[in-house]
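Please open the model in your viewer and keep the sequence panel beside it, so that each selection can be followed in both. The tour moves from one selection to the next and says what is found at each stop.

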Amino acid sequence: MLQSGLSIGALATQTNTNVPTIRYYEEIGLLPLAQRSANGRRYYRDADLKRLSFIKRCRDFGFPIEQVREMVKLFEDGDRSCIEVRNLAQTHLDTVRARLEEMRQLEASLMAFVASCDEACCQGVTRDCNIIEDLSAAAPAGLAAGQGCGAAPAKPEKRSKPVESAAFKQIRRT
């Protein structure tokens, strides 16, 4: 139900967004600055509720802030071509598909880590652990930066050595 004069807390509750996020969206211009009462409290209009709901859904779908900014412009200007929205969605879909492929490669490498450990060392001590050895080794020569995961040629011990993807390196940095 749309209401006039929503407090920031009520707006947060109705959109399932937290208050600091609403303030951040105002700060970066995704939401217009709220109207203020005489005591300085923020109050939001029905249009703000609808706009924040739209922004929240875009973020739920993983659109980056800059694409959300473009989507909001299209949301606000109902006379522009729908193809512009479609193209933004297609660009994001392409990005998601690329990430999914990286994640599949990461999964394959992690499966190889686990299988290698199961076969050779999981009953031993960590100093003999294949996973620790593989993770501490330098990337194989000839692997271009940003290239995906995949099993490298087997070592003489007949265990495969997973190669790190860009996604795996990103996870490791955090």
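Begin by selecting Lys50, Arg51, Phe54, Ile55, Cys58 and Arg59 in α3, and then add Ile65, Val68, Met71, Val72, Phe75 and Glu76 in α4, since these are the residues through which the two helices meet in this predicted model. Colour the residues of this contact by character, and they divide into 8 nonpolar and 4 charged, with no polar ones.

Now widen the selection to the whole of α3, residues 46–60, and the whole of α4, residues 65–76, and turn the view until both axes can be followed: the helices pack at an angle of about 140 degrees, and their axes lie 10 Å apart. Because of that angle, α3 counts as oblique to α4, and the crossing of the two is right-handed.

Next, select α2, residues 19–27, and ask which of its residues are buried. They are Ile22, Tyr25 and Glu26, and because they cover an arc of only 100 degrees around the axis, they sit on the same side of α2. An α-helix has 3.6 residues a turn, so residues three or four places apart point the same way. Displaying the surroundings of these buried residues brings up their packing partners, which are α1, α3, α4 and the strand β2 at 42–43. If you then rotate to the face of α2 turned away from its buried side, you will find the exposed residues Pro20 and Glu27.

Step back from α2 towards α1, residues 8–15, and select Asn16 in the loop between these two helices. Although Asn16 is not a glycine, its phi is positive, at about 55 degrees; most residues other than glycine have a negative phi. Asn16 is also exposed, with a relative accessible area of 64%.

At the other end, just after α2, select Gly29, where phi is again positive, this time with a value of about 85 degrees.

The last stop is Pro32, in the loop between α2 and the strand β1 at 35–36. Is Pro32 buried, partly exposed or exposed? It is partly exposed, with a relative accessible area of 28%. Leaving aside neighbours within four places in sequence, show the contacts of Pro32, and Glu26, Arg45, Asp48 and Arg51 appear. Of these, Glu26 has already been met among the buried residues of α2, and Arg51 in the contact of α3 with α4. Finally, a distance drawn from the C-alpha of Pro32 to that of Tyr44 comes to 9.5 Å, for two residues that are 12 apart in sequence.

Terms used:
Residues are numbered from 1 along each chain as its sequence is written. This is a predicted model: local features need pLDDT of at least 70, side-chain atom pairs count only at pLDDT 80 or more; totals for chains, interfaces and linings use all residues. Side-chain values use heavy atoms; hydrogens and water are left out. Axes are lines fitted to C-alpha atoms, for helices over the stretch in contact, and angles run from 0 to 180 degrees between N-to-C directions. Helices (H or I, at least four residues) and strands (E, at least two) are DSSP runs, numbered from the N terminus. Angles under 35 degrees count as roughly parallel, over 145 as roughly antiparallel, 65 to 115 as roughly perpendicular and the rest as oblique. A crossing is left-handed if the near helix is turned anticlockwise from the far one by less than a right angle, and right-handed if clockwise. Contact means heavy atoms within 4.5 Å. Ala, Val, Leu, Ile, Met, Phe, Trp, Tyr, Cys and Pro count as nonpolar, Asp, Glu, Lys and Arg as charged, and the others, Gly among them, as polar. Buried means under 20% relative accessible area, exposed over 50%, partly exposed in between (1.4 Å probe, protein chains only). The arc is that of the directions from the helix axis to the C-beta atoms.
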